Structures are given as structure tokens and as C-alpha cells.
Amino acid sequence: MSAMTATTAPPVTARHGSTTWRLIKAESRLCVRDKVGPLWGVGCPLIVLVILGSVPALRERQEAAGGLTIFELYVPVLILFNLAILAMTALPTTLAGYRENGVLRRMRTTPVGPARLLTAQLAANFAIALVAMVLFLAVAGLGFGVRLPQHLLGFTVSWLLGAAALLAMGLLVTALARGRNAASAIGTTLFFPMMFFAGLWVPITQMPPLLQTISHYTPLGAGMRAFQDAYLGHFPSAAPLLVLAAYAAGCALVAVRWFRWE
């Protein structure tokens, strides 16, 4: 009997993998049902994209922008907008709400453990961000004739590092916030300055030199520099990629160190 049990029982790693995958699917459904990520992170920037693309003056080539149009500059800004909404709003408020309601504390007593829940939340938000990025590029290209980034590998690397940096910042906000309201307040406070330095309201090239320098060392400003390099056909320079990697590693380490399950 023991030999039969040992033969038929699934491997521990397989059971763990299955549990994590079920959690990812469950958290993805909850993210869609919660509507914060899909509505504000995808729907809002997509509407802005369509509105800006409908303005003819924004589709004229600008020599100061390397031959890109103002509209082409705004496409990567809106991709960063999506990442920032998910990382600064959807992820922290959800996880802080789990802590506030005792979900993380109860999961610590189960074989699943809360770490898998964090993994599932990160995977769910990453998947939404990936779908949104593809959707934005498709709408901009098919609807308004915007070219794809000329250096696709460079754009992919930049996007992955940007997603890692912002999601790590979201975990840091979650680690610092005691509950949902605090997480929302911290995330909102960080969101608007970061979007300013990404060029949402004023293009980075039109900022005063001091603000341009500050922008280069913010996660979204560095992401925007890397995206622009990729759009112009170059692999992004090392500086913005290193800034993004530093944010990803630094925020993740601090978040893991100070994360509270209760």
C-alpha cells in the first residue's frame, strides 16, 4: 500500500506549482472584477490615446524630438501611465486590504503561505500590464499609423525593467502602508510627480535643465528615455536601464525586509 501511495502521489513541486497557478488565476479574476487595474490602468489611458491621436497637430513630425510626432511621444508615456496605475494603486490597495482584513495572517497558517499570494498578485498585474501594452501599440499603429518601436529588443528590455521597477515600488508602498487608505494615499502621492517627470503634462525635452536632470533619475523618466531610444532604432543607453534596475532591486529588497504580514 505504501509503495502504491508513493507511486500515485503527485510530486511536491507539482502540487506547489498547481497551487500557485490556481492562485494566479484566482487573483487575475479578482483584479478584473475589482476594476481598478482594467478601468483606470487600461481604459483611461486608452481613451486618452484615442483622443490625442484624433488631433492632427499632434501627428506632425518634430525635429526637436528626433523626427517623432508629439503623439508618438505620448504612446510610451501612456504605457508608463498603465504601469504606474497598476503599481501605485491597484497592487498596494489590494495587498494592504488583504493585510487589513487578516487574509495574509490566516494564509500564514496554511500550506499555501502568503508568499504565493504575493507572487499571484504580481503575476496578475504583470499580465494586465502586458495586455495593455500590446493593446496600446496595436491601437496606435492600426488606428493612427504610429510605427512600432524600431528596436523591439530594446523596447522589450526597457518595458520589462520598467515593470519590475514599478511593481517593486508597489510592494514597497504595501510594506509601508498599514491599511488600504494609507496605501492609496502613499500611492497617489507618488503617482502624480512620477507622471510629471515622465512627460505626461510637459514633454521632457521642454522642461528646464534642472527638471530634465531630475527626470532622468526617476523611474518613469528613465523609462521614457529608454523607450525613446528604442523608438528611434537604438538599443537604450546604459544609464536609464541601470536606473530602472536600481529601483527594481532596491525597492524589492527594502519591501521584503520590512514587509508585514499582519
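Q: In this predicted model, what distance does helix H6 reach from its first C-alpha to its last?
A: Helix H6 runs over residues 114–144 and has 31 residues. At 1.5 Å a residue, the expected reach is 45 Å. The value in the model is close to that: 44 Å.

Q: Which residue just after H6 takes a positive phi?
A: H6 covers residues 114–144. Just after the helix, the phi is positive, at about 70 degrees. The residue is glycine 145.

Q: How many helices and how many strands does the protein chain have?
A: From the N terminus on, the elements run α-α-α-α-α-α-α-α-α-α-α. The secondary structure therefore comes to 11 helices and 0 strands.

Q: What radius of gyration does the protein chain have, and what would a compact globule have?
A: The protein chain has 262 residues. Its C-alpha atoms fill a box of roughly 75 × 40 × 35 Å along the principal axes. A compact globule with 262 residues would have a radius of gyration near 18 Å, and the chain agrees with this at 20 Å.

Q: What share of the contacts with a separation of 6 or more comes from residues 24 or more positions apart?
A: Contact here means heavy atoms within 4.5 Å. Among contacts in the protein chain with a separation of 6 or more, residues 24 or more positions apart account for 75%.

Q: What part of the accessible surface belongs to carbon and sulfur atoms?
A: Of the 262 residues, 46% count as buried. The accessible surface of the protein chain comes to about 12800 Å². The part from carbon and sulfur atoms is 69%.

Q: How far apart are the centres of the positive and negative side chains?
A: The protein chain has 19 positive side chains and 8 negative ones. Each set has its own centre, and the two centres lie apart by 15 Å.

Q: Is glutamate 27 buried or exposed?
A: Glutamate 27 is found in helix H2, residues 12–34. Beyond its neighbours within four places in sequence, it is in contact with Tyr98, Leu117, Ala120, Gln121 and Ala124. Its relative accessibility is 4%, and the cut-off is under 20%, so glutamate 27 counts as buried.

Q: What separates the C-alpha atoms of glutamate 27 and asparagine 125?
A: The two residues are 98 residues apart along the chain. In space, their C-alpha atoms are separated by 9.1 Å.

Q: How many of the 13 residues of H10 are buried?
A: Helix H10 spans residues 219–231 and reaches 18 Å, close to the 18 Å expected. Its buried residues include Leu220, Met224, Phe227 and Tyr231. What covers them includes H4, H6, H7, H8, H9 and H11. H10 is mostly covered, with a buried count of 10.

Q: Which glycine with a positive phi follows H10?
A: The phi in question is near 95 degrees. H10 is followed by this residue, glycine 233.

Q: What is the relative accessible area of serine 215?
A: Serine 215 is found in helix H9, residues 209–216. Not counting residues up to four places away in sequence, it touches Phe197, Ile204, Gly221 and Ala222. Two of these names, Gly221 and Ala222, are buried residues of H10. Serine 215 is buried too, with a relative accessible area of 0%.

Q: Why does isoleucine 214 count as partly exposed?
A: Isoleucine 214 has its place in helix H9. Leucine 135 lies 79 residues away in sequence and 30 Å away in space, C-alpha to C-alpha. Partly exposed means between 20% and 50%. Isoleucine 214 fits because its relative accessible area is 35%.

Key: Residues numbered from 1 in each chain as written. Predicted model: local features only at pLDDT ≥ 70, side-chain atom pairs only at ≥ 80, totals over all residues. Heavy atoms only, no water. Helix = DSSP H or I, 4+ residues; strand = E, 2+ residues; numbered from the N terminus. Rg over C-alpha atoms; globule rule 2.2 N^0.38 Å. Buried < 20%, exposed > 50% of the residue type's maximum accessible area, 1.4 Å probe, protein only. Areas by Shrake-Rupley, 256 points an atom, 1.4 Å probe, with all protein chains shown as cover. Lys, Arg positive; Asp, Glu negative; His and termini not counted. Charge placed at Lys NZ, Arg CZ, Asp CG, Glu CD. Expected span 1.5 Å × (residues − 1).
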